[in-house]
Amino acid sequence: MPAAIRPLIKEELKDASSLCRRPKAYWGYDAAFMEACRDELTLSAADLEGGLSVGMCDGGVLLGVAQVISEGENWELEKLFVDPPAMGRGIGGQLFAWAVETVGARGGQTMHIAADPQAADFYRRMGAVDAGHISSASIPGRSLPLLCYQIADSG
């Protein structure tokens, strides 16, 4: 069975949260940084509501995770992580396409992305444009690139 994107289930929350941390460690962030980001990189049961948190699985192995959230009409790509051994296989692009489709299907016109600096170029290749910077939710004084992706109007 080929890799498929599907909603995460409660039994996968621990594995999905661990997967979200591995790419950060891959980019060389130290233990203190990783601990400061732990809450931000952890998925909870509440994150499963509405099918807005998904995993890409291949043969029962979780390869990537994505999550979109909305606050009113504002949509954000909250998480998009690919397990380092699976990087370079197009998984990130497929998860990004899922996010765009999901936001668009719910009437969203714009998706904001507070990107890790290591991931900003990926989002630019996907078509997102720079929209300034935003303060990190985990690391005081740290600024992250803010990108914006315009959802194609299907009407």
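This passage describes helix α1 and the residue S17 within it, the strands that pair with β7, and the nonpolar cores of a predicted model.

Helix α1 comprises residues 13-26, and S17 is placed within it. The 14 residues of this helix, taken at 1.5 Å a residue, should span 20 Å, and because the C-alpha atoms at the two ends are in fact 20 Å apart in the model, the expected and computed values agree. After α1 comes G28, a residue with a positive phi, near 90°. Burial within the helix extends to L13, A16, S17, L19, C20, R21, P23 and K24, and the elements against which the buried residues of α1 pack are α2 (31-37), β3 (61-71) and β4 (74-82).

The surroundings of S17 can be described in further detail. With a relative accessible area of 4%, S17 falls under the 20% cut-off and is therefore classed as buried. When neighbours within four places in sequence are left aside, the contacts of S17 are with L41, T42 and L43. In the case of L43, a polar atom of the S17 side chain lies 2.8 Å from the backbone nitrogen of L43.

Strand β7, which covers residues 143-150, is mostly covered, 6 of its 8 residues being buried. Strand β5 (residues 110-114) pairs with β7 in the antiparallel sense over 5 bridges, and within this pairing M111 has Y149 of β7 as its bridge partner. Strand β6 (residues 129-135) likewise runs antiparallel to β7, to which 5 bridges join it; here the bridge partner of H133 is P145 of β7.

The largest nonpolar core of the model contains 28 residues, and those with the most contacts inside it are V68, L77, L80, F96, M111 and Y123. At least two residues of this core are supplied by each of β2 (53-58), β3, β4, α3 (91-105), β5, α4 (120-125) and β7, with α3 giving the most, namely 7 residues. For L77, leaving aside neighbours within four places in sequence, the residues in contact are Q67, V68, F96, A99, M111, H112, I113 and Y123. Another core, of 17 residues, lies apart from the largest one and includes Y29, M34, V65 and F81.

M111 thus appears in two of these descriptions, as the bridge partner of Y149 and as one of the residues with the most contacts inside the largest nonpolar core.

How values were computed
Residues are numbered from 1 along each chain as its sequence is written. This is a predicted model: local features need pLDDT of at least 70, side-chain atom pairs count only at pLDDT 80 or more; totals for chains, interfaces and linings use all residues. Side-chain values use heavy atoms; hydrogens and water are left out. Helices (H or I, at least four residues) and strands (E, at least two) are DSSP runs, numbered from the N terminus. Buried means under 20% relative accessible area, exposed over 50%, partly exposed in between (1.4 Å probe, protein chains only). A polar contact is a pair of N or O atoms within 3.5 Å; within protein, one must be able to donate a hydrogen and the other to accept it, and residues adjacent in sequence count only if both atoms are side-chain atoms. Contact means heavy atoms within 4.5 Å. The expected span of a helix is 1.5 Å times one less than its number of residues. Two strands pair if DSSP finds at least two bridges between them. A nonpolar core is a set of buried Ala, Val, Leu, Ile, Met, Phe, Trp, Tyr and Cys residues joined through side-chain atoms within 4.5 Å.
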